[in-house]
Amino acid sequence: MFFGEKFRRKYALTNQGIVNVKKATFWTVVVNLVVMCGMGILYFLMMQFMNSLINGADFPNASMYTAAVIAFIILSLVTHFQQYTNSYTLVYDEIAATRVGLAEKLRRLPLGFFGKRDLSDLTETLMSDMNRLEHVWSHVLGYLQGAYISTALIAIGLLIFDWRLAIACLWGVPVAFILLFGSRKLSKKYSYETKGKGLDVADNIQETIENVREIRATNQEERYLAELNGKVDDFEKTMIRTELVTGLFVNGASVIMRLGVATTILVGAKLIMSGQIDFMLLFMFLLVITRIYAPFDQSLALIAEVFISEVSAERMEQIADTPAAGGSEVFAPQGHDIVFRDVIFAYDEEPVLNGVSFTAKEGEVTALVGPSGGGKSTCARLAARLWDVDSGSIEVGGVDIKTIDSEVLLGDYSMVFQDVVLFDDTVMENIRLGRHGASDKDVLAAAKAANCDEFVKNLPAGYETPIGENGARLSGGERQRISIARALLKDAPIVLLDEATASLDVENETKVQEALSKLLAGKTVLVIAHRMRTVEAADKIVVLDHGVVAEQGTPEELLEKKDGIFRHMTQLQAQGAAYRI
Ligand code: ADP
């Protein structure tokens with residue numbers, strides 16, 4: 001009943017975790033029973049002592065008692081050590097495994113999932129939810145389960161000695177737990193609310209930091225701060241309410257449990273007066289009672305955390321339950337033509353692509369053009385199976401990419417997107433991400449080919465310079481060249497390229513173009529094009545407008561179409577260029 005699948009899911013444990021909790025529980029039971037044995041020794045010792053005091057008898061078996069006390073001390077040390085190892089040390093191994101498992105899982109989830117849960121939410125799960133669970137796994141689960149079992153065993157013993165005293169002593173335990181578990185629903189509801197408000201605050205802070213430049217530039221500091229203040233206040237209120245409610249129930253339960261001491265004394269005194277028991281029996285119950293609540297003490301103090309952790313566990317299980325973007329690990333395409341067949345796709349309800357069909361041939365540059373929001377980026381993402389199509393299909397070399405494991409598939413892709421992600425590591429390591437385990441020589445060759453060399457040489461420690469979180473110290477063009485170097489190093493047969501529209505100066509643009517032409521030679525290239533130069537040099541153009549292919553063909557063919565979108569766009573661009581000059 002204790003450790004079934006429901007229990008496992010409730011606390012987001014792994015199978016090994018269940019084994020560990022079982023061990024921790026076992027040793028907690030042993031520890032609690034050993035402590036009770038200590039109480040037994042004390043009881044008999046006191047009996048002898050009183051006997052010798054009252055009757056003037058000798059104190060027999062002194063050596064036996066000494067041996068018993070020494071044995072008790074040794075046993076106590078050993079069992080406590082076992083309990084400690086099994087509750088804490090093993091749990092930390094488990095938590096490490098779970099964290100890695102979760103990160104692995106996140107890596108394999110379809111991107112649609114990340115659209116539904118934002119970054120601060122996921123960070124919260126990986127960090128604070130895990131911390132909370134870690135605490136509950138190590139400090140509570142084994143102790144609490146062990147306390148149930150040992151208390152039940154001790155209760156049976158006490159009932160055999162004297163059922164009246166046993167009931168007087170123990171009635172508070174079930175009542176306390178009924179009260180606690182009765183309050184569980186309320187605690188959980190409040191915990192969820194607190195969690196939501198906490199996430200709101202985290203989100204707001206993250207947004208403020210990310211947009212600090214825009215906020216300052218537009219004089220929005222006060223508005224942002226007022227909003228943040230409001231959210232923090234709200235969070236604080238919810239938090240206090242949650243703590244108050246749980247604290248009230250937890251302390252109430254603790255007091256009720258301890259009322260057992262008073263009732264035992266009352267009932268005991270009455271039984272002694274009516275001559276039904278002798279004082280030593282009451283004394284034994286009073287000894288036991290000092291220890292019987294102890295196993296619950298620690299767990300009770302933390303039981304609020306158990307309730308809150310159930311919320312954390314539910315959030316983790318949601319991730320675990322989301323199916324990964326799986327598929328075959330063998331990918332053997334015939335060439336690398338990318339074929340879109342009647343692709344329909346929606347991020348949410350509204351379709352963004354509405355029956356898109358085109359082919360991007362190997363060895364050619366296919367340019368996706370069209371008005372903003374037409375679906376160009378979406379096509380590029382779908383081509384790499386960052387999302388799955390809703391209907392229709394996308395094939396690479398005749399293989400439907402839906403059937404291929406995304407990680408295996410992405411082995412054949414290089415992506416050079418506008419939002420280049422750079423890690424807080426050296427330039428060298430950032431380029432090496434292109435191909436795991438590439439030698440320094442290969443990395444340098446790729447960097448050179450991508451025209452990174454001369455700006456890297458000006459950095460304080462050259463290729464060993466750390467580049468700050470997300471490449472904060474580099475310009476847009478420099479970051480893009482690093483990402484091209486990565487792609488060159490990878491040398492994958494398919495290149496997805498999103499040209500930067502933003503702020504590249506002429507020199508940078510030329511350098512980026514040079515680097516690109518080396519990267520693109522002979523590959524299947526799908527480019528989201530913004531510059532006329534790229535568009536004119538493309539082998540094929542696909543014009544996407546409102547999620548459908550409005551025109552497709554070579555640049556020359558499309559320019560001939562009198563009322564064509566492409567022709568119109570080219571004219572606009574030409575006018576824009578003239579205007580700028
Ligand atoms: P383009 O690259 O041509 O500007 P996109 O493919 O980025 O067009 O966008 C097409 C449509 O899909 C737009 O209406 C956009 O708002 C929507 N869209 C893009 N990305 C997402 C997303 N992650 N979630 C929901 N809608 C999105």
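This is a short dialogue on reading a ligand site, a helix and a nonpolar core in a predicted model.

Student: Which residues surround the ligand?

Tutor: A residue belongs to the shell if one of its heavy atoms lies within 4 Å of the ligand. Here the shell holds Tyr347, Asp348, Val352, Pro371, Ser372, Gly373, Gly374, Gly375, Lys376, Ser377, Thr378 and Arg381. By class, three are nonpolar, six polar and three charged.

Student: Which helix gives the largest share of that shell?

Tutor: Helix H13, residues 376–383, with four residues.

Student: Where are the polar contacts to the ligand's oxygen atoms?

Tutor: Look for N or O pairs within 3.5 Å. A side-chain N or O atom of Thr378 sits 2.4 Å from a ligand oxygen. Lys376 brings a backbone N or O atom to 2.9 Å from an oxygen of the ligand. For Gly374, a backbone N or O atom is 3.2 Å from a ligand oxygen.

Student: How much of the ligand does the protein cover?

Tutor: Compare with the ligand on its own, which has 560 Å² of accessible area. The protein covers 61% of that.

Student: Is H13 mostly covered or mostly open?

Tutor: Count residues under 20% relative accessible area. In H13, six of eight are buried. They are Lys376, Thr378, Cys379, Ala380, Leu382 and Ala383. Then check the backbone beyond the helix end. Just after H13, Arg385 has a positive phi of about 55°.

Student: Now the largest nonpolar core. Which residues touch the most other members?

Tutor: A core is a set of buried nonpolar residues joined through side-chain atoms. This one has 60 residues. Leu13, Trp137, Leu141, Leu158, Phe285, Ile292 and Ile303 touch the most other members.

Student: Which element gives the largest share of this core?

Tutor: H5, with 12 residues. Other elements giving two or more include H2 (15–55), H3 (62–108) and H10 (221–273).

Student: What does Leu141 touch?

Tutor: Set aside residues up to four places away in sequence. That leaves Phe7, Tyr11, Leu13, Val21 and Val136. Apart from this core lies another, of 43 residues, with Leu422, Ala446, Val543 and Leu558 among them.

Student: Which residues of H6 are buried, and what covers them?

Tutor: Leu165, Ala166, Ala168, Cys169 and Leu170 are buried. Their cover includes H5, H7, H10 and H11. Look at the helix start too. There, a side-chain oxygen of Asp162 comes within 3.0 Å of the backbone nitrogen of Arg164.

How values were computed. Residues are numbered from 1 along each chain as its sequence is written. This is a predicted model: local features need pLDDT of at least 70, side-chain atom pairs count only at pLDDT 80 or more; totals for chains, interfaces and linings use all residues. Side-chain values use heavy atoms; hydrogens and water are left out. A polar contact is a pair of N or O atoms within 3.5 Å; within protein, one must be able to donate a hydrogen and the other to accept it, and residues adjacent in sequence count only if both atoms are side-chain atoms. Accessible areas come from the Shrake-Rupley method with a 1.4 Å probe; for residues, only the protein chains shown count as cover. Ala, Val, Leu, Ile, Met, Phe, Trp, Tyr, Cys and Pro count as nonpolar, Asp, Glu, Lys and Arg as charged, and the others, Gly among them, as polar. A nonpolar core is a set of buried Ala, Val, Leu, Ile, Met, Phe, Trp, Tyr and Cys residues joined through side-chain atoms within 4.5 Å. Buried means under 20% relative accessible area, exposed over 50%, partly exposed in between (1.4 Å probe, protein chains only). Contact means heavy atoms within 4.5 Å.
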